[in-house]
Amino acid sequence: KRRDIEDNLSVAFGTEIKALLQSTAGGYVWALNAFRNCITHSVGKVDAAFQKQAAPFPEFRDCKLKSMLKVDGALAAKLRNAALLSGAALLKRVDEMLVAGN
């Protein structure tokens with residue numbers, strides 16, 4: 001669950017990590033997480049959990065329950081970029097912590 005991920009990352013990276021992930025790439029790392037969960041747990045069929053997790057993102061607001069998730073090149077690029085930018089932000093945070101001696 002997102003809350004568990006945020007809690008665990010906060011322990012490792014500090015409480016500001018939640019805001020960092022939300023602001024990086026428009027928070028689309030959470031859309032990627034919802035997409036991944038839907039593929040893994042529902043074979044790519046939209047379920048209530050996906051609808052709830054993806055509600056903040058306009059691309060997913062009209063997804064009908066039990067419909068198959070659809071991805072095109074633009075969406076794939078957006079989700080890929082969110083992963084890359086979020087990963088880079090986490091690495092930058094680790095670097096800052098190491099430099100500070102934490």
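**Entry 1: the pocket**

I started with the lining of the largest pocket and asked which helix gives the largest share of it. That is H3, with seven residues. Helices here are DSSP runs of H or I, at least four residues long, and strands are E runs of at least two, numbered from the N terminus. The model is a predicted one, where local features need pLDDT of at least 70 and side-chain atom pairs pLDDT 80 or more, while totals for chains, interfaces and linings use all residues. I number residues from 1 along each chain as its sequence is written, and side-chain values use heavy atoms, without hydrogens or water.

A pocket, on a 1 Å grid over the protein atoms alone, is an open set of points where a 1.4 Å probe fits, with protein on both sides within 12 Å along at least five of seven lines; lining residues have an atom within 4 Å of a point. For the largest pocket I get 17 lining residues, with Lys-1, Arg-2, Asn-37, Ala-49 and Gln-53 nearest its centre. Besides H3 (28-42), helix H1 (2-13) and helix H4 (48-54) each put at least two residues into the lining.

**Entry 2: Asn-37**

I picked Asn-37 out of that central group and found it in helix H3. Is Asn-37 buried or exposed? It is buried, because its relative accessible area is 17% and the cut-off for buried is under 20% (exposed is over 50%, partly exposed in between; 1.4 Å probe, protein chains only).

Its side chain makes a polar contact with the side chain of Arg-36, at 2.7 Å. Such a contact is an N or O pair within 3.5 Å; within protein, one atom must be able to donate a hydrogen and the other to accept it, and sequence-adjacent residues count only through side-chain atoms on both sides. Skipping neighbours within four places in sequence, I see Asn-37 in contact (heavy atoms within 4.5 Å) with Ser-42 and Gln-53. Gln-53 also turned up among the residues nearest the pocket centre.

**Entry 3: the rest of H3**

I checked the length of H3 next. Its 15 residues should span 21 Å at 1.5 Å a residue, and the end C-alpha atoms are 20 Å apart, so the two agree; the expected span takes 1.5 Å times one less than the residue count.

The buried list for H3 runs to Tyr-28, Val-29, Trp-30, Ala-31, Asn-33, Ala-34, Phe-35, Asn-37, Cys-38 and Ser-42. I asked what covers these, and H1, H2, H4 and H5 are included. One partner on the H1 side is Glu-6, which lies in that helix. Glu-6 is buried, since its relative accessible area is 9%. Leaving out neighbours within four places, Glu-6 is in contact with Lys-18 and Trp-30.

**Entry 4: two loop residues with positive phi**

Just after H3 I hit Val-43, with a positive phi of about 55°, although it is not a glycine. Val-43 sits in the loop between H3 and H4 and is exposed, as its relative accessible area is 67%.

Ala-25 is another non-glycine with a positive phi, near 55°. I place Ala-25 in the loop between H2 and H3; it is partly exposed, because its relative accessible area is 29%.

**Entry 5: H5**

How far apart are the end C-alpha atoms of helix H5 (residues 73-100)? They are 40 Å apart, which agrees with the 40 Å that its 28 residues should span at 1.5 Å a residue. At the N-terminal end I noted a cap by Asp-72, with a side-chain oxygen 3.2 Å from the backbone nitrogen of Ala-74. Just after the helix, Gly-101 takes a positive phi of about 85°.

Buried in H5 are Leu-75, Leu-79, Ala-82, Ser-86, Ala-89, Leu-90, Arg-93 and Met-97, and their cover includes H1, helix H2 (17-23) and H3. Leu-85, also in H5, is partly exposed, as its relative accessible area is 45%. Not counting residues up to four places away, Leu-85 touches Thr-24 and Ala-25, the latter being the loop residue from Entry 4.

**Entry 6: the whole chain**

Last, I zoomed out. I count five helices and zero strands. The C-alpha trace spans about 50 × 25 × 20 Å along its principal axes. Of the 102 residues, 33% count as buried. For contacts between residues at least 6 apart in sequence, I get 53% joining residues at least 24 apart.
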